[in-house]
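Notebook open. I wanted the overall dimensions first, then the ligand surroundings, then one helix pair.

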Amino acid sequence: MRSDPAHAGYPPSWYAASVAPLPPQPALAGRVECDVCILGAGYTGLSAAMELAEAGYRVVVLEAQRIGWGASGRNGGQAIVGFGCGEEKLEALVGADDAKRMFDLSLEGLDWLHARLARHGIEAHWRPGHATVPLKPRQQRDVQAMVEHFNTRYDHPVAWWDRERLRETLASDRYLGALYDPISGHLHPLAYALGLGRAAIAAGVQVFERSEVTQLVRGTRPVFKTAQGEVHCDFAVLAGNALLHGIAPELEARIMPVGTYIAATAPLGEAGAKALIGNDMAVADTAWALDYYRLSHDHRLLFGGRASYSGRDPGDLQAIMRRRIAGVFPQLGDIALDYVWGGFVDISLNRAPHWGRLQPNLYFAQGFSGHGVVATGLAGKLIAEAIAGQAQRLDLFAKIKHAPFPGGQALRTPLLVAAMSWYKLRDALW
Ligand SMILES: Cc1cc2nc3c(=O)[nH]c(=O)nc-3n(C[C@H](O)[C@H](O)[C@H](O)COP(=O)(O)OP(=O)(O)OC[C@H]3O[C@@H](n4cnc5c(N)ncnc54)[C@H](O)[C@@H]3O)c2cc1C
């Protein structure tokens, strides 16, 4: 999770090595007044900022590191409609009608993403197509039921590919079939984040980098304090994801930062890459601690997996990721890994999105649960709408109840480790 001066202050990932950084933005110094101050320059914060600036608000974004430094600049790039908890879970939480409304909004989130890429000329190497691949008969039954559910209840045309059909496209014998979604896809996550950052600055947003918020004073005019300055605003937005560290304890108690890791192989060449994933789709399996992977535009395999629930990076990441890749693509042999990096996903207890407001002028969005590339843009848009006076669509999400993780800050990690061990055991057994 380190930063690296050689990569313009970003963790040393293939992403940071394959995109031009933005010019550094100044650190906050002194007192600044604005209409809306946003903590965090990831997809959520930047999306809200841009929408608000375009609507005429004076917007400030405070970022502890650099634009896109958090999960938005390091993720698997899988841009998937829906939410981390799955549609059936959402139905159980809010009822079938609201779950359908939320799913439709996630489709709008994908349209929003495409519109932003097009309008701002962001080259994020978008590729359509996403496969969810079951490993066990129990998972296969669930995935086939999801296909049926998407087609009948959600008007979302996904296909079931049996093992043979999948094998024509994906050179792995590991899976029992696939839910193939033609409209979800993948992109270069840091290029997308930097593109949003560039567009936000062009729209008049003042972004301060290297400006960690150390205190938020709540009230009729909230104040964000950093080491060298403070921002006074009418509305405050918390978009710090898994990295808030003490700014809003009631939010932090409701998410668990879970480490997940990505390896970029050495380039495989166009033919070598196509031999692995013929149609260039993104792939994610259905295990609790899942593998997720895709090809890069320079023909590498970008392979994600190996969750860490302890807050510490696992030991020999190169060896761990090599083993995981070999489990899916043994034909790659001892392929060199040019980059391995990680980041934290913000898992909520029910894995559903946790968006809303803590007081009338204090908004937040978190709990993307590893499913944020599309949903973050939507969250930013809905927060901006709510600040502008149209809160109905954000309030839909505020209906989802979120319990704190049991055990509080001290015990939640051991409890989660125990729970995850059970899920892993279950995945291994049936
Ligand atoms: C390794 C990895 C793989 C993933 N893969 C996928 C995937 O394939 N598909 C998918 O949909 N989702 C994926 N995700 C999740 C997705 O990346 C996130 O849901 C999404 O990027 C969250 O965006 P955000 O803007 O809310 O948070 P972030 O991008 O994390 O931004 C939060 C920002 O807030 C800043 N910040 C925090 N605290 C402070 C403070 N006190 N003061 C100032 N700034 C602060 C941080 O520095 C950070 O830049 C993955 C995440 C990780 C880590």
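What radius of gyration does the protein have, against that of a compact globule with 430 residues? I found 21 Å for the protein, which agrees with the value near 22 Å for such a globule; the radius is taken over C-alpha atoms, and the globule rule is 2.2 Å times the number of residues to the power 0.38.

This is a predicted model, where local features need pLDDT of at least 70 and side-chain atom pairs count only at pLDDT 80 or more, while totals for chains, interfaces and linings use all residues. Residues are numbered from 1 along each chain as its sequence is written.

Entry, overall. I noted a box of roughly 60 × 50 × 45 Å along the principal axes for the C-alpha atoms. The secondary structure comes to 13 helices and 17 strands (DSSP runs numbered from the N terminus: helices H or I, at least four residues; strands E, at least two).

Entry, ligand. I looked up the 44 residues around the ligand, and G42, G70, G76, G343 and G372 come nearest (a residue is near if its C-beta atom, placed from the backbone, lies within 6 Å). Helix 2 (43–54), strand 11 (255–265), strand 15 (337–348) and helix 11 (372–387) each give two or more residues to this shell. Strand 15 gives the most, with 4 residues.

Entry, helix pair. I checked helix 3 (residues 87–94) against helix 4 (residues 96–119): they pack at about 130 degrees, axes 7 Å apart (axes are lines fitted to C-alpha atoms over the stretch in contact; angles run from 0 to 180 degrees between N-to-C directions). That makes helix 3 oblique to helix 4, since angles under 35 degrees count as roughly parallel, over 145 as roughly antiparallel, 65 to 115 as roughly perpendicular and the rest as oblique.
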